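Here are some worked exercises to try with the model open beside you. Have a go at each task before reading its solution.

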Amino acid sequence: EEGSTGYLIIDDTINCKTGKHMEEAGYHFDSAQGKPVWGHDIVTTHYVNGETEYPVRLNLYVKKETCQKEQRIFKTKIQLAVEQIEAFTPPPATKVIVPFDSWFFCRQIVEAVAARGWDWVTQAESNRLVCFNGEETNVTALALGLSQKQFKTVKVKGEEFSLCSFEVWMSKVGSVRLVVAKKEDGFHFYVSNKVDWSEKQVLLAYKVRQSIDVFYR
């Protein structure tokens with residue numbers, strides 16, 4: 001629909017295999033299992049706009065040693081994701097936001113999204129460096145220095161979050177909106193180039209990323 005917002009989600013998934021002679025299979029680290037597993041690692045993009053959603057593209061990530069053996073051009077998962085961002089044609093007159101997890105949070109992805117005139121939202125690792133009030137610190141140290149009264153309770157899709165946000169500067173990324181979420185298991189950090197967004201807007205956009213996990217299952 002014209003004027004609507006669509007989400008181009010980036011992720012990768014491991015399709016586990018059992019046959020050791022399966023073409024292009026390899027050992028890939030699975031964060032869910034905390035160990036390398038045998039299978040195909042597939043980089044994909046998935047589009048969501050309201051009730052409409054569909055897979056966009058997929059590329060098989062082939063390990064460097066396999067490419068060298070077969071005299072093929074090696075591409076990293078980041079390069080494959082960038083190619084998918086560059087190739088996507090959104091429906092006419094729609095806005096595009098690109099959600100991705102912390103693994104894909106790097107300069108190349110951010111620049112590829114910016115080159116299309118789109119916006120992005122992601123999570124940051126707990127040791128990510130930021131510059132705030134003229135001082136460089138990591139996001140965890142920044143969060144630990146906050147007082148309880150700086151956090152506010154925000155309801156996002158029926159779930160309550162204790163949130164606080166700032167505009168900070170990140171190396172190789174620039175000015176971003178950093179949202180600190182305080183949970184029982186510690187702090188979680190959400191980041192977007194949309195510096196004018198509220199904490200709720202950032203979390204709502206990031207939560208669309210769950211659609212791709214449901215699709216994989």
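A residue is called buried under 20% relative accessible area and exposed over 50%, with partly exposed in between. Keep in mind that this is a predicted model.

**Exercise 1. A salt bridge and its surroundings**

Task: classify Glu70 and Arg72, whose side chains meet in a salt bridge, as buried, partly exposed or exposed.

Solution. Start with the pair itself: the N to O distance in the salt bridge of Glu70 and Arg72 is 3.0 Å. Next, take the relative accessible area of Arg72, which is 37%, so Arg72 is partly exposed. Glu70 has 39%, and therefore Glu70 is partly exposed too.

**Exercise 2. A pair within one helix**

Task: find where Glu111 and Arg107 lie, and how many residues separate them.

Solution. Begin with the contact: Glu111 and Arg107 form a salt bridge whose closest N and O atoms are 3.3 Å apart. Both residues belong to helix H3 (residues 107-115), and they are four residues apart, about one turn of the helix. Finally, check accessibility: Glu111, at 44%, is partly exposed, and Arg107, at 38%, is partly exposed as well.

**Exercise 3. A bridge between two elements**

Task: work out which parts of the chain are tied together by Asp12 and Lys77.

Solution. A search of the whole structure gives ten salt bridges. One of them joins Asp12 to Lys77, with the closest N and O atoms 3.2 Å apart. Asp12 sits in strand E1 (residues 5-16) and Lys77 in helix H2 (residues 77-87), so the pair ties together parts that are 65 residues apart in sequence. As for accessibility, Asp12 and Lys77 are both buried.

**Exercise 4. A network with Asp11**

Task: name the residues linked with Asp11 in a network of salt bridges.

Solution. The network links Asp11, Arg209 and Asp213. Asp11 is in strand E1, and its relative accessible area of 4% makes it buried. Its side chain also makes a polar contact of 3.2 Å with the side chain of Arg209. Leaving out residues up to four places away in sequence, the residues that Asp11 touches include Ile42, Val43, Asp101, Phe104 and Tyr216, along with Arg209 and Asp213.

**Exercise 5. Two packed helices**

Task: describe how H2 and H3 pack, using angle and distance.

Solution. Two packed helices are described by the angle between their axes and the distance between those axes. For H2 and H3 the angle is about 5° and the axes are 10 Å apart. This makes H2 roughly parallel to H3, the cut-off for that label being under 35 degrees. Now look at the side that each helix brings: Ile78, Ala81, Val82 and Ile85 in H2 meet Gln108, Ile109, Ala112 and Val113 in H3. Sorted by class, the contact of H2 with H3 has seven nonpolar residues, one polar residue and no charged ones.

**Exercise 6. A histidine in a strand**

Task: decide whether His46 is buried or exposed, and say which side chain makes a polar contact with it.

Solution. First locate His46, which lies in strand E3 (residues 35-49). Its relative accessibility is 2%, so His46 counts as buried. The side chains of His46 and Glu53 are joined by a polar contact of 2.7 Å. Not counting residues up to four places away in sequence, His46 touches Glu53 and others, among them Tyr7, Leu8, Ile9, Pro55 and Phe215.

Notes:
Residues are numbered from 1 along each chain as its sequence is written. This is a predicted model: local features need pLDDT of at least 70, side-chain atom pairs count only at pLDDT 80 or more; totals for chains, interfaces and linings use all residues. Side-chain values use heavy atoms; hydrogens and water are left out. A salt bridge is a side-chain nitrogen of Lys or Arg within 4 Å of a carboxyl oxygen of Asp or Glu. Buried means under 20% relative accessible area, exposed over 50%, partly exposed in between (1.4 Å probe, protein chains only). A polar contact is a pair of N or O atoms within 3.5 Å; within protein, one must be able to donate a hydrogen and the other to accept it, and residues adjacent in sequence count only if both atoms are side-chain atoms. Contact means heavy atoms within 4.5 Å. Axes are lines fitted to C-alpha atoms, for helices over the stretch in contact, and angles run from 0 to 180 degrees between N-to-C directions. Angles under 35 degrees count as roughly parallel, over 145 as roughly antiparallel, 65 to 115 as roughly perpendicular and the rest as oblique. Ala, Val, Leu, Ile, Met, Phe, Trp, Tyr, Cys and Pro count as nonpolar, Asp, Glu, Lys and Arg as charged, and the others, Gly among them, as polar.
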